[in-house]
Protein chains: 2
Amino acid sequence: MTNEELFSTTVLNTWKLIIGRFDKSLATLTDEQLQKPVAPGKNRLYYLVGHLTAVHDRLFPMLGIGERLHPELDEVFLAHPDKELADPISGTELKKAWGEVNDKLTAAFSKFSPQDWLLKHSAVSDEDFAKDPTRNRLAVVLSRTNHASFHSGQAILATKTPA
Amino acid sequence: MTNEELFSTTVLNTWKLIIGRFDKSLATLTDEQLQKPVAPGKNRLYYLVGHLTAVHDRLFPMLGIGERLHPELDEVFLAHPDKELADPISGTELKKAWGEVNDKLTAAFSKFSPQDWLLKHSAVSDEDFAKDPTRNRLAVVLSRTNHASFHSGQAILATKTPA
């Protein structure tokens, strides 16, 4: 592998690892368990999964890699805080949407050449990108990976003993 | 910048961003506030800061970039769960140690060439590294960045409304 291939492969591995761990902790949870808040008065697991699904689904247009799968989740999980609107789908359906979105993203990332990782994303202007070429797809995927870790840390409070 | 420089700079920026955000959320907390658990019966903020400091301090030998600054923290914050041993230092001292460790790490990472990021770390054997060259310093720093995000998500529960 060339150096730039090593960089892109290592970044992709980290994405897969973090998403895979979250998937694993979700897999055994029932719809009832997903209703549990991560701490008293805080977001429910259900809401965190919906929030992450909507944020990840928005990566398709942002990275120019296809159409969104679940734009209908934005209203409940991005525009409103937890429990302000009624739950639009069951926990089981939500877990399915989460899996679909990440599978499609991972498939797209897996086809990226190193150069593809360094392309501009659609939320930055040509002018700003010319000034700062680190505002690339790589930066966005690293940011979303850390965002998933951030909420994984919360989710685990409702599912396990502290670690 | 070359492609490999863009990769390494983007990764370094992500590390700085995540650590910087955690620093910012810690900065305003008093020693008393650091005693607060992130949720009832879970780790205190104080313990999370100590845990992250010890984990990051271990990066110096692991990445071959210098001597550890605070090996004395391992016993309380890695070998034992929260509150099993007495607090060894004040919250203010702990925040200072956290800052020192990360400043020294960031200074070392900032001097890495792209090739430096792709070197073997000391926790992998020559043989295993030959088989899988993605077990490099980059993978370790990405992992620690996500680990810091994981605990940041918990810490914010004690300091802010859900987000």
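This passage walks through how two protein chains meet in a predicted model, and then looks at some of the residues inside them.

Start with the place where the chains touch. Chain A brings 42 residues to the contact, and chain B brings 42 residues as well. Together the two chains bury about 3,500 Å², and 69% of that area sits on carbon and sulfur atoms. What holds charged partners together elsewhere is missing here: zero salt bridges turn up across the interface of chain A and chain B. Polar contacts are another story, with 15 residue pairs found across the interface of the two chains. On the side of chain A that touches chain B, the elements giving two or more residues are α1 (3-27), α7 (114-117) and α9 (137-159). Helix α9(A) supplies the largest share, 13 residues. Sorted by class, this side of chain A has 20 nonpolar, 19 polar and three charged residues.

One residue at this meeting place is A:Gln154, found in helix α9 of chain A. Is A:Gln154 buried or exposed? With a relative accessible area of just 3%, under the 20% cut-off, A:Gln154 counts as buried. Leaving out residues up to four places away in sequence, A:Gln154 touches A:Val38 and A:Leu48 in its own chain, plus B:Gly153, B:Gln154, B:Ile156 and B:Leu157 across in chain B.

Next comes the nonpolar interior. In soluble globular proteins, nonpolar side chains tend to be buried together. The largest nonpolar core in this model has 88 residues, and the members that touch the most others are A:Phe109, A:Trp117, B:Phe109 and B:Trp117. Which residues does A:Trp117 contact, leaving aside neighbours within four places in sequence? Its partners in chain A are A:Ser8, A:Val11, A:Leu12, A:Phe109, A:Phe112, A:Asn136, A:Arg137, A:Leu138 and A:Val141, and B:Phe7 joins them from chain B.

Over in chain B, B:Thr53 belongs to helix α3 (residues 45-57). B:Thr53 counts as buried, because its relative accessibility is 0%. Setting aside neighbours within four places in sequence, B:Thr53 is in contact with B:Leu73, B:Leu94, B:Ala97, B:Trp98 and B:Val101.

Now for the charged residues. Side chains of opposite charge can pair when their charged atoms come close. Over all chains, the count comes to 16 salt bridges. One of them links A:Asp82 and A:Arg44, with N and O 2.7 Å apart. A:Asp82 lies in the loop between α5 (74-77) and α6 of chain A, while A:Arg44 lies in the loop between α2 (31-34) and α3 (45-57), so this pair ties together parts that are 38 residues apart in sequence. Both A:Asp82 and A:Arg44 are buried.

Another salt bridge joins A:Lys120 and A:Asp126, where the closest N and O atoms are 3.8 Å apart. A:Lys120 is partly exposed, at 29% relative accessible area, and A:Asp126 is exposed, at 59%. In chain B, the side chains of B:Asp74 and B:Arg68 meet in a salt bridge at 2.7 Å, N to O. B:Asp74 counts as buried at 16%, whereas B:Arg68 is partly exposed at 21%. As for chain A, salt bridges that share partners join A:Asp57, A:Arg58, A:Arg68 and A:Asp74 into one network.

Two lysines deserve a look of their own. A:Lys95 sits in helix α6 (residues 91-111) of chain A. The C-alpha atoms of A:Lys95 and A:Gly50 are 8.4 Å apart, though 45 residues separate the two along the chain. Neighbours within four places aside, A:Lys95 is in contact with A:Leu26, A:Ala27, A:Leu29 and A:Leu34. A polar atom of the A:Lys95 side chain lies 3.3 Å from the backbone oxygen of A:Leu26.

The other lysine is A:Lys83, along with its counterpart by number, B:Lys83. Most residues other than glycine have a negative phi. A:Lys83 has a positive phi, near 70°, and B:Lys83 has a positive phi of about 70°. Where do they lie? A:Lys83 is in the loop between α5 and α6 of chain A, and B:Lys83 is in the loop between α5 (74-77) and α6 (91-111) of chain B. A:Lys83 counts as exposed at 59% relative accessibility, and B:Lys83 counts as exposed at 60%.

Notes: Residues numbered from 1 in each chain as written. Chains lettered and ligands numbered in written order. Predicted model: local features only at pLDDT ≥ 70, side-chain atom pairs only at ≥ 80, totals over all residues. Heavy atoms only, no water. Contact = heavy atoms within 4.5 Å. Buried area = accessible area lost by both parts, 1.4 Å probe. Salt bridge = Lys/Arg side-chain N within 4 Å of Asp/Glu carboxyl O. Polar contact = N/O pair within 3.5 Å; in protein donor to acceptor, adjacent residues only side chain to side chain. Helix = DSSP H or I, 4+ residues; strand = E, 2+ residues; numbered from the N terminus. Nonpolar A, V, L, I, M, F, W, Y, C, P; charged D, E, K, R; others polar. Core = buried A, V, L, I, M, F, W, Y, C linked by side-chain atoms within 4.5 Å. Buried < 20%, exposed > 50% of the residue type's maximum accessible area, 1.4 Å probe, protein only.
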